[in-house]
Structures are given as C-alpha cells and as structure tokens.
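Dear colleague,

Please find below the sequence and structure that I am handing over to you. My findings follow directly after them, for you to read alongside the model.

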Amino acid sequence: MTQPLVDEVAAGVALSPARPEASGVAAGPRRRLEPRRALRLLVRRPGLPVSVLVVFLVVPAAFWPGLFTSQDPLRGVPSQNFQGPDGAHWFGTDELGRDLFSRVVHGAQLSLKATLIAVAVAFVVGGLIGLIAGFVGRWVDDVLMRFVDVLLSIPALFLSLALVTALGYGTVKVAFAVGAASVAGFARVTRAEVLRVRQAVFVEASRSCGSRWYSVLGRHVLPNAAGPLIVLATLDFGTSVLAVSSLSFLGYGAPPPAPEWGTLISDGRDYLANAWWLTALPGLVIAATVLATNRIARALDGEGAGRR
C-alpha cells in the first residue's frame with residue numbers, strides 16, 4: 001500500500017468518530033439502553049419514585065381537582081365543624097364545617113398555577129437576559145450583568161413583597177412578583193452556559209463555515225445550554241411554591257374564601273390548640289411538594305452531570 005493511500009485511510013479513521021450520527025450502529029444501542037439507565041437510576045435512588053408519585057398526584061390536582069374530590073370547598077356544614085381526620089373527611093373540617101381535603105385539593109389549582117406562572121416568567125425573562133449577555137458580550141454583557149447584580153443584592157422575599165405591594169393583591173400578581181424575584185438566578189446560569197458553549201469547538205467550526213449567527217444560536221448554543229436551565233426550573237418550582245404560599249400566608253394572595261395553601265395555614269393558626277390538622281396537614285402537603293421537586297431536580301442534575 002502506497003504512502004498517500006495509508007495517509008488517506010488514517011485520516012478517515014481519525015475523522016470518523018467526530019460524526020457518530022453518520023453511523024446507525026452507535027445511535028441504536030444508546031437508545032436501547034435508555035430504559036435500563038432509567039431503571040438503574042430508580043434502583044439507586046429509592047426516594048425518587050416516591051417524589052415522582054407525589055408530583056403526579058399534586059400536579060393533576062391543580063388542573064382537574066374533580067378527580068380527587070367531589071365536595072364543594074366553599075360549602076360548610078356548621079354542625080360538623082372541627083371534626084378530626086376520619087373516613088368521611090380525610091383532612092378533617094374547619095371552623096365552618098368545610099372539608100379541608102377538598103380545600104387543599106382545590107387550593108392546588110390556585111397555588112400551583114401561580115407557581116407555574118412564576119417559574120415561566122423567571123425562565124423566559126432570565127433566560128433571555130442571560131442569553132443576550134453571554135452571546136453578544138462586550139458592553140451589553142456589562143450593562144445586563146450589573147442589573148442582575150442589583151437584583152441579587154436584594155433578598156428574594158423582600159423584592160417579591162415590594163413588587164406585589166406595587167402591583168396590588170391577587171394570585172396572578174403574586175406569581176409575577178415571585179417570578180421577577182427569580183430572574184437573576186436564571187440570567188446567571190444562562191449566561192454561564194452560553195459562554196461555555198460559545199467557546200466549544202463545534203461552534204467555532206460552524207462559524208468558520210459561514211453559518212449565520214441566528215443559525216449558530218438556534219442549532220448549537222440553545223440546545224446545549226438548555227439542560228442546566230431545565231434543572232434550575234425544576235428546583236425553582238419548589239422555591240416558588242414556598243414563596244407563593246408565604247405571600248398568601250401574609251394576605252397578599254386571593255381574597256377569602258379562596259383556599260390557597262398559604263391562606264389555609266394562616267386561617268388555621270388560630271385553632272392550633274384544638275384543631276392542629278388545619279395547619280399541619282396543608283403544611284405537610286406544601287413540604288411534600290417542595291421536597292419532591294427538589295429531589296427530582298437533584299436527580300436530573302446528577303444524570304446531566306454524568307452525561308457531560
């Protein structure tokens with residue numbers, strides 16, 4: 001074999017791993033191993049299936065509360081007030097004889113929808129700020145990051161309180177206030193990921209081939225920077241549940257008799273001596289939701305770090 005032919009074969013072998021999509025052999029086993037990887041993940045982390053179960057119970061309650069209870073959360077029977085948890089009333093009844101379980105289920109419709117709005121606001125606004133700062137750079141990066149630094153210097157709950165006071169009371173306004181307080185974290189993470197991906201070899205190769213900036217951004221930068229943002233959004237979901245419930249506890253949420261989770265705890269604190277379930281059981285639901293979402297976020301983060 002002549003030397004030019006040897007060089008050509010060696011060059012082909014060296015370049016072949018850089019394009020695994022050209023071969024159907026490499027992609028096939030990877031897809032077949034996905035269920036095994038998921039099964040191993042569940043076996044190694046026994047708390048993860050419980051967290052997934054909690055989320056699959058809580059999230060549908062926010063959209064279809066009728067699947068879990070048929071009782072009216074606003075209708076009370078005065079003769080049945082302050083009944084403890086039993087077979088007829090799983091979470092007991094309140095001071096007006098209203099079923100607490102139905103109020104918690106219907107309260108998920110208000111609290112979790114507000115949480116989803118808050119996470120969406122933080123994800124979109126913070127992601128857009130971080131994307132522009134990291135991709136454009138120069139003075140744009142400096143101006144946007146100084147704005148983010150100002151937001152980070154203010155405690156999130158205080159910023160939410162200031163915003164909801166300016167906007168007014170209500171569930172949607174609380175959601176926007178909580179989402180605005182979380183913008184800085186999403187902006188920081190997005191900027192860091194965009195800077196990391198922008199310096200990658202495949203991005204430089206795409207630019208050197210004459211690709212437009214929007215093509216590089218859409219095909220290479222965004223897909224490779226989205227993973228940590230999804231993990232952060234899952235983690236921020238639990239934090240936003242706490243923030244929305246805290247503002248509702250302080251009276252900034254929907255007006256009574258709307259059964260928001262924070263409002264339920266606030267109403268039940270006056271009866272802790274003789275009706276502990278009015279505060280304890282809604283609080284346990286909030287704690288279980290927050291811990292479950294945090295556990296799922298940690299699992300996603302660990303799996304993503306292993307792949308990287």
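The accessible surface of the protein amounts to about 17,100 Å², and 67% of it belongs to carbon and sulfur atoms. Please bear in mind that this is a predicted model. Of the 308 residues in the protein, 41% are buried.

As to the fold, the protein has 13 helices and zero strands. Among contacts with a separation of 6 or more, 69% are accounted for by residues 24 or more positions apart.

One part of the surface deserves a description of its own. A nonpolar patch is formed there by Leu53, Leu57, Val59, Phe63, Trp64, Leu67, Phe68 and Leu116, which together have about 780 Å² of accessible area. Helix α4, residues 47-63, supplies the largest share of this patch, with four residues. Another member of the patch, phenylalanine 68, lies in the loop between α4 and α5, the latter being residues 100-136. Its relative accessibility is 30%, so phenylalanine 68 counts as partly exposed.

I then turned to helix α6, which covers residues 138-152. This helix has 15 residues and reaches 21 Å from its first C-alpha to its last, close to the 21 Å expected at 1.5 Å a residue. Which residues of α6 are buried? They are Val140, Asp141, Met145, Val148 and Leu151. Seen down the axis of α6, these buried residues fall within an arc of 115 degrees, and they therefore line one face of the helix. The general background is that an α-helix has 3.6 residues a turn, so residues three or four places apart point the same way. The buried residues of α6 pack against three elements: α5, α7 (156-167) and α9 (183-198). On the face of α6 turned away from the buried side are the exposed residues Trp139 and Val143.

Finally, I looked at a single position in helix α13, which comprises residues 277-307: threonine 293. Is this residue buried or exposed? Threonine 293 counts as buried, because its relative accessibility is 5%, and the cut-off for buried is under 20%. Apart from its neighbours within four places in sequence, threonine 293 is in contact with Val55, Thr234, Phe237 and Gly238.

With kind regards

Terms used: Residues are numbered from 1 along each chain as its sequence is written. This is a predicted model: local features need pLDDT of at least 70, side-chain atom pairs count only at pLDDT 80 or more; totals for chains, interfaces and linings use all residues. Side-chain values use heavy atoms; hydrogens and water are left out. Patches are made of residues with over 30% relative accessible area and no salt bridge: like charges are joined within 9 Å, nonpolar side chains (Val, Leu, Ile, Met, Phe, Trp, Tyr) within 5 Å. Accessible areas come from the Shrake-Rupley method with a 1.4 Å probe; for residues, only the protein chains shown count as cover. A salt bridge is a side-chain nitrogen of Lys or Arg within 4 Å of a carboxyl oxygen of Asp or Glu. Helices (H or I, at least four residues) and strands (E, at least two) are DSSP runs, numbered from the N terminus. Buried means under 20% relative accessible area, exposed over 50%, partly exposed in between (1.4 Å probe, protein chains only). The expected span of a helix is 1.5 Å times one less than its number of residues. The arc is that of the directions from the helix axis to the C-beta atoms. Contact means heavy atoms within 4.5 Å.
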